[in-house]
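Biologist: Hello! I am new to this one, so could you show it to me and walk me through a few of its features?

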Amino acid sequence: MITRTNNKKRGVFMKKISSYQFIALLLCCKLFNIMTYIPAKTDNGTLVLITLVVTTIIEGVLLIPAIVFYNRHDGKGLLTFASSKSRALGLTLSLLFLLLCLWTIIQTLGDLTFFLQYCFSDTYSAWSVVIVTLAATLYVSQTGLSAVARATSIIVIITLLALAFIFTGFKHHIDFYELNLAVRNPAFEVLKSSPKFIASSKELALFVILLGALKSKPAKTAFLYLGVKLFVSLISALTSIIVLGDFIYLSKLPFFTLSAYSQTTIVEHYEAISMMLWTLCALVKLSVFTISAGHCIHHIFPKAHSVLSYGVILVLAGSVTLPIILDERWESIAAPNTEAIITATLITFVPLCLLLFKRRQNVQEVM
């Protein structure tokens, strides 16, 4: 039997975090995606805003099975429950979520390295960014989920305040003409763009993986997060569209361009502040997904030490990311439709199946 002390030593025991801390973790992950979003040349500004609303509603529906699972099993973790029912089932689900975490870490690390090289090619080399980022992520991850959540709350507040200043620095550079519906089939365009937005919402998988770390109120946590995320996403997208216009499709990093374009009486250019906060959000996202990956590894190898698990995951992620970056093929690595299907399946179908599995067990016990 594993004691509380042993759990701490292995990094398996997770202190419960509050609903607001969980929301801060998810929002910080999303802020990184918002800052690295690159629109397609065929995107229509108005339809992007509509798609954000539609996909948020879809995501709310997708999270319902996980919420029901939490309430039915009094906050028990999904992977813990699966492992208690069947060793094979626990291993399978842990491996699937581990692969999703690993891919998200690779994407985040790659995006950070790619855009730092794009913005500061004479300052940063790819290998140095990867090594330093992995070392920082390992250090932050081993402090535990609770410590990361507390720090993230501060980072999110500072980031949102900075965004507010950035978005108020365009008094004479706004063109609402960009908000039009000059497309032949708006409904089809929304449907076609939805997978891309769902694929960029992999932080929702954290809600399922770390379900057991939430103190209470899963519905409040999920829906409040989706509401805040939608508001921030809409404001960010709207500002980018009406300020940058067609230039948004030419810039590698529209949000960075937007922050450089903003001017207020307090700060004349926000690109340095934006880059700093973006890097902090990346570090939080990498850390929380590393912790989640370690949680999955614990269910596969119960005796594995948490720091060793984190190290293996990060080294593997770095060994995949760096060759692609050095070969200058990072922009070609994308499969939004496949990623959307996998993400939606894991966050919805898995909890739903476990709910049905539990009901079937009850019927058998009665019989």
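Modeller: Gladly! A helix here is a DSSP run of at least four residues, numbered from the N terminus. Please keep in mind that this is a predicted model.

Biologist: Thanks! Where is the place of Val53?

Modeller: Among the helices, look at the one that runs over residues 45-62. Val53 has its place there, in helix α3.

Biologist: Is Val53 buried, partly exposed or exposed?

Modeller: Its relative accessible area is 33%. Buried would need under 20% and exposed over 50%, so Val53 is partly exposed.

Biologist: Leaving aside neighbours within four places in sequence, which residues is Val53 in contact with?

Modeller: One of them is 181 residues away from Val53 in sequence, yet 8.4 Å away in space, C-alpha to C-alpha: this is Leu234. With that partner included, the contacts of Val53 are Leu230 and Leu234.

Biologist: Let's turn to helix α8. How far does α8 reach from its first C-alpha to its last?

Modeller: Helix α8 covers residues 145-167, which makes 23 residues. At 1.5 Å a residue, 33 Å is expected. The model comes close to that, with a reach of 32 Å.

Biologist: And the cavities: which elements give two or more residues to the lining of the second largest cavity?

Modeller: The structure holds three cavities of 30 Å³ or more, and the second largest has a volume of about 70 Å³. Its lining includes Leu47, Val48 and Thr51, as well as Glu189, Val190 and Ser193. The elements that give two or more residues are α3 and α9.

Definitions and conventions. Residues numbered from 1 in each chain as written. Predicted model: local features only at pLDDT ≥ 70, side-chain atom pairs only at ≥ 80, totals over all residues. Heavy atoms only, no water. Buried < 20%, exposed > 50% of the residue type's maximum accessible area, 1.4 Å probe, protein only. Contact = heavy atoms within 4.5 Å. Expected span 1.5 Å × (residues − 1). 1 Å grid on protein atoms, 1.4 Å probe; cavity = no way out; pocket = protein on both sides within 12 Å on 5 of 7 lines; lining within 4 Å. Points joined across faces, edges and corners; volume = space filled by probe spheres on them.
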